[in-house]
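Trainee: Could we go through the cysteines of this protein together? I should like to understand how they are paired.
Mentor: Certainly; please have the sequence and the structure open.

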Amino acid sequence: MVRERKLQGEGVCWSLRLWSAAVISILLLSTCLIASCVVTYQFTMDKPNRRLSELHTNYSSFTCFSEGTVVSDKVWRCCPEDWKPFGSHCYLVSTLNSTDSAASWMESKKKCSRMGAHLLVIHNKEEQDFITGILNSGHAYFIGLWDSGHRQWQWVDQTLYNESARFWHNGEPSSDNEKCVILNHRLNTGWGWNDIPCNDKQKSVCQMKKIYL
Ligand code: MMA
């Protein structure tokens with residue numbers, strides 16, 4: 001009798017072990033399943049696609065083009081409709097219509113942010129020439145350069161001012177009270193940068209990275 005009871009006890013113990021093994025296996029399997037779902041999501045919804053879905057809340061239509069080169073398996077480069085592609089970026093020049101008026105530098109900066117973009121940043125002659133080629137010489141345009149101290153010029157995208165080319169007009173920057181920068185056209189010397197008070201109301205240029213698909 002004593003032996004039988006002992007055997008029963010062992011039986012209970014074994015089924016407990018089996019159940020725990022089953023529960024642990026199920027837990028492990030579901031962890032694997034969740035992990036594989038996350039990995040699949042990362043692969044199918046990669047960064048540019050996520051950016052595209054985010055931008056879709058602002059833009060209903062994009063123009064995509066193939067430039068013959070492939071970057072990380074991506075063939076297509078897209079800009080929101082009406083934005084101009086150049087290099088690795090898309091550009092939008094403010095047009096001043098009923099929904100888009102001249103604005104202070106800070107307000108212009110916010111307008112670009114609301115569009116998933118930032119104020120224009122210029123790092124070389126090619127970018128300066130491209131952008132001035134699509135501007136109206138009768139207007140001035142805020143760019144993403146500002147003075148954070150005494151002539152401590154900063155680009156809004158945090159890239160280094162010291163390492164970029166500069167296109168100040170002769171005699172500019174001219175005043176410590178002028179902490180924001182416009183691109184404007186002067187008759188004899190052409191396009192260049194000029195520091196002006198940040199509260200002046202001007203047109204502006206926004207810029208964003210192209211979307212690679
Ligand atoms: C304006 C203004 C300044 C600029 C000078 C250059 C009169 O002030 O645009 O920012 O430095 O013109 O003459």
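Mentor: Let us begin with a term: a residue is called buried when its relative accessible area is under 20%, and exposed when that area is over 50%, with partly exposed in between. Please keep in mind that this is a predicted model.

Trainee: What is a disulfide, in general?
Mentor: A disulfide is a covalent bond between the sulfur atoms of two cysteines.

Trainee: How many disulfides does the count come to?
Mentor: The count comes to four disulfides.

Trainee: What is the pairing of the bonded cysteines in sequence order?
Mentor: When the bonded cysteines of the chain are numbered in sequence order, the pairing reads 1-2, 3-4, 5-8, 6-7.

Trainee: Which cysteine does Cys-112 join?
Mentor: Cys-112 is joined to Cys-206, with 2.0 Å from S to S. This pair links distant parts of the chain, since Cys-112 lies in helix H3 (residues 105–114) and Cys-206 in strand E10 (residues 203–209), 94 residues apart.

Trainee: Is Cys-206 buried or exposed?
Mentor: Cys-206 counts as buried because its relative accessibility is 4%, and the cut-off is under 20%. Its partner Cys-112 also counts as buried, at 0% relative accessibility.

Trainee: And is the link of those two left-handed or right-handed?
Mentor: The link of Cys-112 and Cys-206 is left-handed, with -85° about the S-S bond.

Trainee: Let us change to Cys-180. Where are Cys-180 and its partner in the chain?
Mentor: Cys-180 forms a disulfide with Cys-198, at an S to S distance of 2.1 Å. Cys-180 is in strand E8 (residues 180–186), while Cys-198 is in the loop between strand E9 (190–196) and E10, and the two are 18 residues apart.

Trainee: Why is that disulfide right-handed?
Mentor: The torsion about the S-S bond of Cys-180 and Cys-198 is about 95°, so the disulfide is right-handed.

Trainee: What about the accessibility of Cys-180 and Cys-198?
Mentor: Cys-180 has a relative accessible area of 1% and is therefore buried. Cys-198, at 26% relative accessibility, counts as partly exposed.

Trainee: What do Cys-79 and Cys-90 form?
Mentor: Cys-79 and Cys-90 form a disulfide, and their sulfur atoms are 2.2 Å apart. Cys-79 belongs to strand E2 (residues 74–80) and Cys-90 to strand E4 (residues 89–93), eleven residues apart. Cys-79 counts as buried at 1% relative accessibility, and Cys-90 counts as buried at 0%.

Technical notes: Residues numbered from 1 in each chain as written. Predicted model: local features only at pLDDT ≥ 70, side-chain atom pairs only at ≥ 80, totals over all residues. Heavy atoms only, no water. Disulfide = S-S within 2.5 Å. Helix = DSSP H or I, 4+ residues; strand = E, 2+ residues; numbered from the N terminus. Buried < 20%, exposed > 50% of the residue type's maximum accessible area, 1.4 Å probe, protein only.
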